[in-house]
Amino acid sequence: MNSTIGYNGRGCRKMIKDASEASVCIDTGCNKLNTFDIFSDIPEKFQDFDIVEVRFKNTRKGFFRNVNDLKLKRGDIIAVEANPGHDIGIVSLTGIVVMRQLLRNNIPYENTEFKKVYRKAKPADIDKWMEAMALEHSTMLKSRKIAEELKLEMKIGDVEYQGDGTKAIFYYIADDRVDFRELIKVLADRFKVR
């Protein structure tokens, strides 16, 4: 197993390649969305559940259906369905504990159309993901200036690029309601993202 990168801003202290050459995040327990899997010692045959929980940046998590029956485990870096394109995330929970999370969050398993897990992330996916993450800080600083130039009473606190670089989420705070329609147009034009 070869170490491929150091801390990446998504809670990975290092990423390694497993026996199948897939990239795996080694979680050191020092990220905002760390979870403890109380069922980790349950035999695998009891852990078959086709929904996995995936974490992204900050407090963003989602549930995705493993339609390709991939053998996923906590820490696997995967490509998932997004609108548009795909996103890259890290598996945070698998198996029976995901069912517990769905119940806890009042998400009906049978009546919910979950987005799909496409595949374990390929090296090209990871490279694109790293390039997108590298843009986040500078994009945040530039977007703050743009909001200031438009005289908007808001503060952009963070930016998260989707794993394929086609979309960005701008996290902001404001005391009052803000009409940011013009800001969205300027940001989309400047950064070439949705």
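Biologist: On the other side of helix 1, what makes Arg100 and Leu103 exposed?

Modeller: Exposed is the word for a relative accessible area over 50%, and in this predicted model Arg100 and Leu103 of helix 1 fall in that class. The buried residues of helix 1 are Val97, Val98, Gln101 and Leu102, and buried requires under 20%.

Biologist: How do you know that the buried residues of helix 1 line one face?

Modeller: Looking down the axis of helix 1, the buried residues fall within an arc of 150°, so they line one face of the helix. The general rule behind such a pattern is that an α-helix has 3.6 residues a turn, so residues three or four places apart point the same way.

Biologist: What covers the buried residues of helix 1?

Modeller: The cover includes strand 4, strand 5 and strand 7. Helix 1, residues 96-104, lies across these strands, at about 75° to strand 4.

Biologist: Which strands close into the barrel, and in what order?

Modeller: There are 5 strands, in the order 4-5-8-6-7, with mixed pairing. From one strand to the next the twist averages 55°.

Biologist: Why is the pairing called mixed?

Modeller: Strand 5 and strand 8 pair in the parallel sense over 2 bridges, whereas strand 6 and strand 8 pair in the antiparallel sense over 3 bridges. Both senses occur in the barrel, and the pairing is therefore mixed.

Biologist: How do you know that strand 5 and strand 8 count as a pair?

Modeller: A pair needs at least two bridges. Strand 5 and strand 8 have 2 bridges, so they qualify. In strand 8, Lys115 is the bridge partner of Phe64. For strand 6 (residues 77-81) and strand 8 (residues 115-120) the count is 3 bridges, and Ile78 has Lys120 of strand 8 as its bridge partner.

Biologist: Which strands does helix 2 touch?

Modeller: Helix 2, residues 123-149, packs on the sheet and touches strand 6, strand 7 and strand 8. The direction of helix 2 makes about 100° with that of strand 7.

Biologist: Why is Asn106 called exposed?

Modeller: The cut-off for exposed is over 50%. Asn106 has 68% relative accessibility, so it counts as exposed. Asn106 follows helix 1 and sits in the loop between helix 1 and strand 8. Its phi is positive, about 55°, although Asn106 is not a glycine.

Biologist: What makes Lys151 exposed?

Modeller: The relative accessible area of Lys151 is 71%, and the class begins over 50%, so Lys151 is exposed. Lys151 lies in the loop between helix 2 and strand 9. Lys151 also has a positive phi of about 55° although it is not a glycine.

Biologist: Why is Leu150 called partly exposed?

Modeller: Leu150 has a relative accessible area of 33%. Buried is under 20% and exposed is over 50%, so Leu150, in between, is partly exposed. Leu150 is also in the loop between helix 2 and strand 9.

Biologist: With which residues is Leu150 in contact, leaving aside its neighbours within four places in sequence?

Modeller: Those residues are Glu182, Leu183 and Val186. Leu150 and Glu182 are 32 residues apart along the chain, and their C-alpha atoms are separated by 8.3 Å. Contact is judged on heavy atoms within 4.5 Å, so the C-alpha separation is not the value that decides it.

Biologist: Where is the cis peptide bond?

Modeller: The cis bond joins Asn83 and Pro84, with omega about 0°. Pro84 lies in the loop between strand 6 and strand 7.

Methods
Residues are numbered from 1 along each chain as its sequence is written. This is a predicted model: local features need pLDDT of at least 70, side-chain atom pairs count only at pLDDT 80 or more; totals for chains, interfaces and linings use all residues. Side-chain values use heavy atoms; hydrogens and water are left out. Helices (H or I, at least four residues) and strands (E, at least two) are DSSP runs, numbered from the N terminus. Axes are lines fitted to C-alpha atoms, for helices over the stretch in contact, and angles run from 0 to 180 degrees between N-to-C directions. Buried means under 20% relative accessible area, exposed over 50%, partly exposed in between (1.4 Å probe, protein chains only). The arc is that of the directions from the helix axis to the C-beta atoms.
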